[in-house]
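Biologist: I am new to this structure and would like to go through it step by step. Please show it first.

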Amino acid sequence: MPADKPHVVLVCWGFPPFRGSGVFRPLALANGLAAAGADVTVITATREVFVVHYGADPSLEKQLDAAIEVVRVPFYPPRAWPLINDWPRRRITAPKKWAAQHDPATDYFPEKVYASWLPRATEAVYEVHQQRPISLLLGSGGPYVDDEAASQVAGSWGIPLVLDDRDSFLADVFTGEPKDSYADREPFFTEWMAHCAEMWFVNPPLVEWHRQRFPEYADRFHVVENGWDAGVVDAAAITPAAHSPLRAGYVGLVPTNFPMTPVLNAWQRVA
């Protein structure tokens, strides 16, 4: 390995074989960095949590550049892990008391499901840096424990930092308003901006939203749009014929707050 080959570390909880929609962006990012000549390490969750609980697509692992090192850090889904043999004794003997217990990790970081992963992920990044100094740290959220872990290590060791705000930490992307948890999240965002050289967003409106609220960091906000996989979608197959009616489709997550009715009404009006 060349001595001057940069060591880039990507912190990304949802990495292959995770099959969520957000996995394709960090997968492409890791492969792109490796193709550009970087020595790439990815800090992610263990395979078991995706295979057993969140959903897995093992074929995605075959798309990963073989030169990329993947470091898997244990993650335990709070209250949702289905394998009874893994449950602590207290959960079995006193389930109501166990369910009512408070997770102190959520007192620090405002992501109830993922906050417990933060100290383990941060420690893993430290260990990687001690074994092989990191040239560039990237965090790709959400979840945003990725960005916080990367920011903590970068701030402590003076490592160049780039953060990817894939889902938007602060903005409700459906309404354009600040998230309900904005007040709890904004101090972390400000701390990230103090450490990072760049923060990436998926479209111009999100960049403008943040520039208006954080003008002092406006030059650090950049658009890095999502791509599309030519191997999955045949452009020729979706090219409309002359005078054919407009057709629309949606591929992606439909969470409980997805504005389904306004979206469908808008497409009907356009059509």
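Modeller: One term comes first: contact means heavy atoms within 4.5 Å. The model is a predicted one.

Biologist: In what order do the seven strands of the open sheet stand?

Modeller: The strands of this sheet pair in the parallel sense. β3 (69–73) and β7 (221–223) are at the edges, each with a single partner strand, so one side of each has no neighbour in the sheet. On average, neighbouring strands are turned by 20° against each other, direction ignored. The order is β3-β2-β1-β4-β5-β6-β7.

Biologist: Which residue of β3 is the bridge partner of Ala 45?

Modeller: Strand β2 covers residues 39–45 and runs parallel to β3, with five bridges joining the two. The partner of Ala 45 in β3 is Val 73.

Biologist: At about what angle to β2 does helix α6 run?

Modeller: Helix α6 spans residues 118–131. The helix lies across β1 (7–11), β2, β3 and β4 (136–141). Its angle to β2 is about 160°.

Biologist: And which strands does helix α9 lie across?

Modeller: Helix α9 is made of residues 204–213 and runs at about 170° to β7. The strands it lies across are β5 (161–165), β6 (198–201) and β7.

Biologist: How many residues apart in sequence are the parts tied together by Arg 25 and Asp 164?

Modeller: A search of the whole structure gives five salt bridges. In one of them, Arg 25 meets Asp 164, with the closest N and O atoms 2.8 Å apart. Arg 25 belongs to helix α1 (residues 24–35) and Asp 164 to strand β5, so the pair ties together parts whose separation in sequence is 139 residues.

Biologist: Is Asp 164 buried or exposed?

Modeller: Buried means under 20% relative accessible area. Arg 25 has a value of 12% and is therefore buried. Asp 164 has a value of 3%, so Asp 164 is buried.

Biologist: Which residues does the salt-bridge network with Arg 132 join?

Modeller: Arg 132 forms a salt bridge with Asp 39, the closest N and O atoms being 2.3 Å apart. This pair links the loop between α6 and β4 with strand β2, 93 residues apart. Arg 132 also meets Glu 69 of strand β3 in a salt bridge, at 2.6 Å from N to O. The bridges share partners, and the network joins Asp 39, Glu 69 and Arg 132.

Biologist: What is the relative accessibility of Glu 69?

Modeller: Asp 39 is buried, at 8% relative accessible area. Arg 132 is partly exposed, at 26%. Glu 69 also counts as partly exposed, with a relative accessibility of 36%.

Biologist: Which residue of β6 is the bridge partner of Asp 164?

Modeller: β5 and β6 pair in the parallel sense over three bridges. Together with helix α8 (residues 182–195), these strands make a right-handed β-α-β unit. In β6, the partner of Asp 164 is Trp 200.

Biologist: Through which helix does the chain cross from β6 to β7?

Modeller: β6 and β7 run parallel and are joined by three bridges. Phe 201 has Val 223 of β7 as its bridge partner. The β-α-β crossover between these strands is right-handed, and the helix it passes through is α9.

Technical notes
Residues are numbered from 1 along each chain as its sequence is written. This is a predicted model: local features need pLDDT of at least 70, side-chain atom pairs count only at pLDDT 80 or more; totals for chains, interfaces and linings use all residues. Side-chain values use heavy atoms; hydrogens and water are left out. Two strands pair if DSSP finds at least two bridges between them. Helices (H or I, at least four residues) and strands (E, at least two) are DSSP runs, numbered from the N terminus. Axes are lines fitted to C-alpha atoms, for helices over the stretch in contact, and angles run from 0 to 180 degrees between N-to-C directions. A salt bridge is a side-chain nitrogen of Lys or Arg within 4 Å of a carboxyl oxygen of Asp or Glu. Buried means under 20% relative accessible area, exposed over 50%, partly exposed in between (1.4 Å probe, protein chains only). A crossover is right-handed if, with the strands pointing away from the viewer, the path from the first strand over the helix to the second runs clockwise.
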